[in-house]
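Please open the structure in your viewer and keep the selection tool at hand. The tour below goes from one selection to the next and says what is to be found at each stop.

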Amino acid sequence: MNRNSGKTAIVTGASSGIGRASAEALARAGFTVFGTSRKISGQGSSEISMLVCDVTDDASVAALVSDVLARTGRIDLLVNNAGVGLLGGAEESSVSQSKALFDVNLFGVMRMINAVLPSMRRRDEGRIVNIGSILGLVPAPYSAHYSAVKHALEGYSESLDHEVRAFNIRVSVIEPAFVRTVFDQNGLEPDSVMKEYDQARAGIDALLRDVMPKADPPEAVANVVLRAATDKRQRRRYTAGKTARLVSTLRRFAPAATFDKTLRKQFRLPA
Ligand SMILES: NC(=O)c1ccc[n+]([C@@H]2O[C@H](COP(=O)([O-])OP(=O)(O)OC[C@H]3O[C@@H](n4cnc5c(N)ncnc54)[C@H](OP(=O)(O)O)[C@@H]3O)[C@@H](O)[C@H]2O)c1
């Protein structure tokens, strides 16, 4: 018998990209998978049950979790994947726009976790996998708000992992770099675009044009999600993909000045 059969997983934001690939990988590995989207329109494959959930809405999150518990009686794994991007100069986004970003990418994660923890604690078992980003380790220009929210996710996840280990629940963060999804098209536009950042914008557009065709497919990240979900000795952090591994290693071992210079060159910024 498959060692994951009988186990229930929720994957938020499973209508496309990394969430969808992760839901499919978990289903193939034997999990009973509930994927979520804000709107159900027949997406998802036959092996994934798609349910409606907006992670910015307390009532929507509570309804999702009680629905899954009513159907299966247990939640073994939560993959917090739902997220949006925001590319632009720090000064080009208002605080209210940044709050909207945090509401999905951080408070959405907290809402989901607070909703599933009581049932995981009762069963004295559970795994939580949060989709972070290499920008949660390395702040990059033109991503200040997004880097901030992914750094916050790292801190929150590590604290939580210390706390819930007492209940046999573990928390991991997955750190991908560039992944070929519709993330950029779905991202928020800065709410006050300024011509002073046009040159920086052109630099990042050129970088994305270069790297995106060679970026990792979402399935590569999904394989890492599956590892975090099933590893006997789960790790707190998993980089996903070659670029993420390289950046993470350089960040740890390269001298700060060299790292700074290389990053600015990548982003076409003056030395
Ligand atoms: N692509 C990359 O290069 C990359 C790199 C590093 C990390 N990531 C992270 O990977 C995760 C997934 O991104 P992706 O690249 O797969 O992008 P994507 O294809 O745009 O998927 C985003 C998912 O999030 C869901 N979502 C957005 N707002 C939501 C909300 N308020 N409530 C519930 N669900 C919501 C969307 O579902 P609906 O629109 O159907 O509701 C969609 O399924 C994100 O956390 C992102 O930060 C992406």
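Begin with the strands, which form an open sheet of seven in the order β3-β2-β1-β4-β5-β6-β7, with parallel pairing; two strands count as paired if DSSP finds at least two bridges between them. Strands here are DSSP runs of E with at least two residues, helices are runs of H or I with at least four, and both are numbered from the N terminus. Select residues 48-52 and 237-240 to see the edge strands β3 and β7, each of which pairs on one side only. On average, and with direction ignored, neighbouring strands of this sheet are turned by 20° against each other.

Before going further, note that this is a predicted model, in which local features need pLDDT of at least 70 and side-chain atom pairs count only at pLDDT 80 or more, while totals for chains, interfaces and linings use all residues. Residues are numbered from 1 along each chain as its sequence is written.

Next, select residues 126-131 and 169-176, which are the parallel strands β5 and β6, joined by six bridges. Within this pair, R127 stands opposite R170 in β6. Add residues 144-164 to bring in helix α4, which packs on the sheet and touches both β5 and β6, its direction making about 160° with that of β6. Such angles run from 0 to 180 degrees between N-to-C directions, and axes are lines fitted to C-alpha atoms, for helices over the stretch in contact.

Keep α4 and add α3: the axes of these two helices come within 9 Å and cross at roughly 15°. Helices α3 and α4 are therefore roughly parallel to each other, since angles under 35 degrees count as roughly parallel, over 145 as roughly antiparallel, 65 to 115 as roughly perpendicular and the rest as oblique. The residues that make the contact include L101, F102 and L106 of α3, together with V149, L153 and Y156 of α4; two residues are in contact if their C-beta atoms, placed from the backbone, lie within 7 Å. By class, the contact of α3 with α4 has 11 nonpolar, three polar and no charged residues, where Ala, Val, Leu, Ile, Met, Phe, Trp, Tyr, Cys and Pro count as nonpolar, Asp, Glu, Lys and Arg as charged, and the others, Gly among them, as polar.

Now exchange α4 for helix α2, residues 58-72, which packs with α3 at an angle of about 30°, the axes being 9 Å apart. Among the residues that make this contact are D58, V61 and L69 of α2, and R111, M112 and S119 of α3. The contact of α2 with α3 has seven nonpolar, one polar and two charged residues.

Move on to α1 and to helix α7, residues 218-230, which pack at an angle of about 50° with their axes 8 Å apart. That angle makes α1 oblique to α7. The contact includes G17, I18 and L26 of α1, and P218, V221 and L226 of α7; its residues divide into 10 nonpolar, three polar and one charged.

Finally, select the ligand: which residues come nearest to it? Of the 30 residues around the ligand, these are G13, G17, R38, A82 and G83, where a residue is near a molecule if its C-beta atom, placed from the backbone, lies within 6 Å of it. The elements that give two or more residues to this shell are α1 (17-28), α3 (95-123) and α5 (183-186), and α1 gives the most, with three residues. By class, the shell has 13 nonpolar, 14 polar and three charged residues.
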